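Biologist: I am new to this structure. Please take one spot on the chain as a starting point, look at that part closely, and then connect it to the rest.

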Amino acid sequence: MRFSFGQNLSQKQSQTMAPRMIQSMEILRMAATELEEKIEQELIENPILEQHTVDPDSTPEEKPKKEKEKDVEQKELVIEEGDNANNEDDFERLVNLDQDVPDHFDERPRVSSNRVQESGDRQHDLMANVATRSETLQDYLLSQLGEREVEPDVMKFCEKIISAISAESGGYFKASLTDLLPLDASPEAIELAEIALAHVQDLEPKGVGARDLKECLLLQLTLDIENYHSVHKLIVDHLDDLMHNRLPVIEKATGMSIEEIYAARDELRKLDPRPASEFADNFVAVVKPDLWLEQDDEGKWVVKMDEGPARNLYISRYYRERLKKGKATKAEKEFIKGKISSAQWLIESIEQRRSTLLRVAQAIFDHQSDFIDKGPEFLKALKMDQIAERVGVNLSTVSRAVDDKYIETPRGIVALRAFFIQGTQTDAGEDVTYNKIRIELQKLIDNEDKAKPLSDFEIMNRLKNMSFDIARRTVSKYREKMGIPNTRQRRDYRAAKK
């Protein structure tokens, strides 16, 4: 039975499929860092497999051998059923290769000094972008408390409160004081807890330790703030009305003019609803791109791939010589054959991955060439089956190839999946991406009458007049994803009075 690399398999077929075939598909799916971990593990478990920066059998006097090109992508992996399921043919092929071409396993493409330098520069840039971990919120608060004269019992409870405050929540104290007290707490203990909370809420950043948004904003409010009384009134009584832009309701309830409400709201917006968010652990793992783009002499963007540790794998000459010269015992032969087979399949699977990634990525950029010169808004509609047809592989192969893979471009590091863009057609039959629709939607919002903002239904009709056939619910979905408020929330009541 033969399966092309990446072909969809039924459940029954996958159950009888050789583990090495599964390994090949899994290696294609792996991200660069995952593959490096896989190689490290294999080097530990398989003594036949070795890793060197240069051919271990070469000498300084030897001239570089002509690189042999292997069309690994077109090769089919053979899965035997029945009596030959132990894959004897694979072992025989490996031994024969060793006899016919003694250096077959050791001859690997050599990495030039320039390529080594380029790879090192890229690694340095990636490491330089790793965010350093700063002081935690708890450490910062405790250090401030240490500079104050606080009663020991109060200090002990302050520490309990601080331990319950999360920087990820913005610095709010989500628990209640009773949660930190025993069930039979005395009134004195409850009073001590209130004193401790007041100490914590007096620390920097202002607003930390608040139990809700209203308390957080009031903790930041100072008497010297402009329009203090109006801002205080809005926080205490009309936060929900502000959030929903119900300014006429506030006008009627408070007697403030619309202009006064806007002025107070502007001051309120200077306060921080998440005062401790800067202490949140925003450490993001650095994305290691598998690929990068270079321009050739004709100005075409060509996809390149870092050789990396995967290109420095060899099968031990010592064990092959021991197997070929008959020095090994029967048990040793079986062991060596199995390990050689496993190592060779790993190497071939990695070569398969490299070839597939290069071909898929190049096909993507041949289609999306405007991305580099003109920007993301000029991405064209593209589906995975188009790339699968162009490259000549199965759709599932393309899906695995782009999964968690990144490419370094002049416009930054971008996920390969980001270049697959859904789209629609205009009445004239022109393909239009949804990115283009979102750009036009933003233009409509930017140019609308702020006194009478467009409804989603009106936006839909205007887009249809531009030949974009889009439903109202789709307009709402895009608007929400773009962070654009609804019609009522966008209304400017000052413009309505002009």
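Modeller: I start at Glu 278, which has a relative accessible area of 61% and is therefore exposed, since the cut-off for exposed is over 50%. Everything here comes from a predicted model. Glu 278 sits in the loop that runs between α13 (258–268) and β4. Along the chain, Glu 278 and Gly 171 are 107 residues apart, yet 9.6 Å separates their C-alpha atoms. For the protein chain as a whole, 68% of the contacts with a separation of 6 or more are between residues 24 or more positions apart.

Some totals give the setting. The protein chain contains 23 helices and 10 strands. It has 498 residues, and 39% of them are buried. The protein chain exposes about 28100 Å², with carbon and sulfur atoms supplying 48% of that area.

The loop of Glu 278 leads to β4, and from there to the interior. The largest nonpolar core has 30 residues, and the members that touch the most others are Ile 364, Phe 365, Ile 387 and Val 398. Two or more residues of this core come from each of β4 (291–295), β5 (301–305), α15 (330–367), α16 (370–374), α17 (384–391) and α18 (395–402). With six residues, α15 gives the most to the core. There is also a second, separate core of 24 residues, with Leu 145, Leu 197, Leu 203 and Ala 280 among its members.

Within the largest core, the pairing of α15 with α17 can be followed residue by residue. The axes of α15 and α17 come within 10 Å and cross at roughly 115°, and the crossing is right-handed. On the α15 side, Arg 359, Val 360, Ala 363, Ile 364, Asp 366 and His 367 make the contact, while α17 brings Gln 386, Ile 387, Arg 390 and Val 391. Ile 387 can be taken as an example: leaving out residues up to four places away in sequence, it touches Val 360, Ala 363, Ile 364, Leu 382, Val 398 and Phe 420.

The loop between α17 and α18 holds Gly 392. Its relative accessible area is 60%, so Gly 392 is exposed. Gly 392 lies 32 residues from Val 360 in sequence, with 9.7 Å between the two C-alpha atoms. Past α18, in the loop that leads to β7 (406–409), is Asp 404. Asp 404 is not a glycine, but its phi is positive, near 60°. At 39% relative accessible area, Asp 404 counts as partly exposed.

Further along the chain is Glu 448, in the loop between α19 (434–446) and α20 (456–465). Because its relative accessibility is 7%, Glu 448 counts as buried, the limit for buried being under 20%. The side chain of Glu 448 reaches the backbone nitrogen of Leu 454 at a distance of 2.9 Å. Apart from neighbours within four places in sequence, Glu 448 is in contact with Pro 453, Leu 454 and Arg 490. Another polar side chain with little exposed area is Ser 476, which is buried at 10%. Ser 476 belongs to helix α21 (residues 472–481), and its side chain makes a polar contact of 2.6 Å with the side chain of Asp 456.

A few local details remain, on parts of the chain before α15. Helix α14 (residues 317–324) is capped at its N-terminal end by Ser 316, with a side-chain oxygen 3.3 Å from the backbone nitrogen of Tyr 318. After α14 comes Gly 326, which has a positive phi near 70°. Asn 245, in the loop between α11 (239–243) and α12 (247–254), also has a positive phi, about 55°, although it is not a glycine. Asn 245 has a relative accessible area of 2% and so is buried. Finally, Glu 204 and Pro 205 are joined by a cis peptide bond, with omega about 0°. Pro 205 is in the loop between α8 (187–201) and α9 (213–220).

Conventions. Residues numbered from 1 in each chain as written. Predicted model: local features only at pLDDT ≥ 70, side-chain atom pairs only at ≥ 80, totals over all residues. Heavy atoms only, no water. Helix = DSSP H or I, 4+ residues; strand = E, 2+ residues; numbered from the N terminus. Buried < 20%, exposed > 50% of the residue type's maximum accessible area, 1.4 Å probe, protein only. Polar contact = N/O pair within 3.5 Å; in protein donor to acceptor, adjacent residues only side chain to side chain. Contact = heavy atoms within 4.5 Å. Areas by Shrake-Rupley, 256 points an atom, 1.4 Å probe, with all protein chains shown as cover. Core = buried A, V, L, I, M, F, W, Y, C linked by side-chain atoms within 4.5 Å. Axes fitted to C-alpha atoms, helices over the stretch in contact; angles between N-to-C directions. Left-handed = near helix turned anticlockwise from the far one by under 90°.
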